[in-house]
Amino acid sequence: MAGLYFEEFEVDRVFDHDLSRTVTEYDNISFSLMTMNTQPLHIDHHFAEQTEWGKPLFNSLYTLAIMIGMAVSDTTQGTTIANLGMTDVRFPKPVFAGDTLRARTRIISKRESSSRPNAGIVEFEHTCLNQKGEVVAICRRAGLMRKREVA
């Protein structure tokens with residue numbers, strides 16, 4: 001199991017995740033249509049050409065999913081009980097098909113669960129960067145994490 005248990009997380013530890021992902025036009029259109037997001041800014045080249053961007057914007061919710069997904073293998077693979085929520089989600093720069101994304105995670109806080117003696121809550125700050133090193137997404141996420149079993 002690659003994920004860390006609650007006890008193994010250290011506040012302010014930073015993970016620079018090795019995975020990177022070049023996003024494609026197919027990704028953008030497929031995700032947008034699968035999620036019923038018919039925003040022409042994502043799926044209509046002609047419409048998008050008339051905007052300030054000049055081309056389709058990559059769906060921000062897919063960017064969010066990729067960013068968090070890139071963190072799983074280093075942090076929570078198999079040790080998460082539940083995702084408790086996300087806050088402070090921001091997209092400071094646009095993402096376009098052809099951009100290559102990578103992610104970084106910092107541990108913001110951790111505390112014992114008051115209702116589950118076998119778990120604790122860890123707050124993650126995920127940051128997504130493009131190939132130019134520009135921040136394209138950031139969010140805070142709380143996860144209910146397993147503790148190591150006591151023998």
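Guide: Before we start, a residue is called buried here when its relative accessible area is under 20%, exposed when that area is over 50%, and partly exposed in between. One more thing to keep in mind is that this is a predicted model.

Visitor: Fine, let's start broad: in what order do the elements of the protein run from the N terminus on?
Guide: The protein has four helices and five strands to place. Its C-alpha atoms fill a box of roughly 60 × 30 × 25 Å, taken along the principal axes. From the N terminus on, the order is β-α-α-α-α-β-β-β-β.

Visitor: And what share of the protein's 151 residues counts as buried?
Guide: On the outside, the protein exposes about 8,400 Å², with 51% of that supplied by carbon and sulfur atoms. As for the residues, there are 151 of them, and the share that counts as buried is 40%.

Visitor: Is Asp-27 buried or exposed?
Guide: Asp-27 does have a charged partner, since it forms a salt bridge with Arg-21, with the closest N and O atoms 2.7 Å apart. Arg-21 comes out as partly exposed because its relative accessibility is 28%. Asp-27 has a relative accessibility of 11%, and the cut-off is under 20%, so Asp-27 counts as buried.

Visitor: Which elements do the buried residues of α1 pack against?
Guide: Helix α1 covers residues 25-34, and its buried residues are Asp-27, Asn-28, Ser-30, Phe-31 and Ser-32. Just after α1, Met-36 takes a positive phi of about 65 degrees. The buried residues of α1 pack against β1 (14-22), α2 (40-43) and α4 (60-75).

Visitor: Over in strand β3, which side chain makes a polar contact with the side chain of Thr-105?
Guide: Thr-105 sits in β3, residues 100-112, and counts as buried because its relative accessibility is 0%. Leaving out neighbours within four places in sequence, its contacts include Arg-13, Phe-15, Ala-71 and Phe-124. The side-chain polar contact, at 3.0 Å, is with His-126.

Visitor: So what is the bridge partner of His-126 in β5?
Guide: β4 and β5 pair in the antiparallel sense, over 11 bridges. Within β5, the residue bridged to His-126 is Cys-139.

Visitor: How many bridges join β2 to β5?
Guide: These two strands run antiparallel, and β5 spans residues 135-146. Thr-87 gives you a spot to look at, standing opposite Arg-140 in β5. The number of bridges joining β2 to β5 is seven.

Visitor: Arg-140 again! How many residues apart in sequence are the parts that Glu-123 and Arg-140 tie together?
Guide: The side chains of Glu-123 and Arg-140 meet in a salt bridge, 3.5 Å from N to O. Glu-123 is in β4 and Arg-140 in β5, so this pair ties together parts of the chain whose separation in residues is 17.

Visitor: Which residues do salt bridges with shared partners join into one network?
Guide: Start with Arg-106 and Glu-125, whose side chains meet in a salt bridge of 3.6 Å, N to O. That pair links distant parts of the chain, with Arg-106 in β3 and Glu-125 in β4. Arg-106 is partly exposed because its relative accessible area is 28%, whereas Glu-125 counts as buried at 17%. Through shared partners, the network is made of Asp-12, Arg-106 and Glu-125.

Visitor: After β3 comes a loop; which residue's backbone nitrogen lies 3.0 Å from a polar side-chain atom of Ser-113?
Guide: Ser-113 lies in the loop between β3 and β4, and at 13% relative accessibility it counts as buried. Not counting neighbours within four places in sequence, Ser-113 contacts Ala-119, Gly-120 and Leu-144. The backbone nitrogen in question belongs to Arg-116.

Visitor: In the β4-β5 loop, which side chain makes a polar contact with the side chain of Glu-134?
Guide: Glu-134 is in that loop and counts as partly exposed because its relative accessibility is 26%. Beyond residues up to four places away in sequence, Glu-134 touches Lys-93, Cys-128 and Leu-129. The side-chain polar contact, at 2.7 Å, is with Asn-130.

Visitor: Last one: which residues make the nonpolar surface patch of about 230 Å²?
Guide: One member sits in strand β2, residues 80-90, and that is Met-86. Met-86 is partly exposed because its relative accessible area is 37%. The full patch is made by Met-86, Val-89 and Phe-91.

Key: Residues numbered from 1 in each chain as written. Predicted model: local features only at pLDDT ≥ 70, side-chain atom pairs only at ≥ 80, totals over all residues. Heavy atoms only, no water. Buried < 20%, exposed > 50% of the residue type's maximum accessible area, 1.4 Å probe, protein only. Polar contact = N/O pair within 3.5 Å; in protein donor to acceptor, adjacent residues only side chain to side chain. Contact = heavy atoms within 4.5 Å. Patch = residues over 30% accessible without salt bridge, like charges linked within 9 Å, V, L, I, M, F, W, Y side chains within 5 Å. Areas by Shrake-Rupley, 256 points an atom, 1.4 Å probe, with all protein chains shown as cover. Salt bridge = Lys/Arg side-chain N within 4 Å of Asp/Glu carboxyl O. Pairing = 2+ DSSP bridges.
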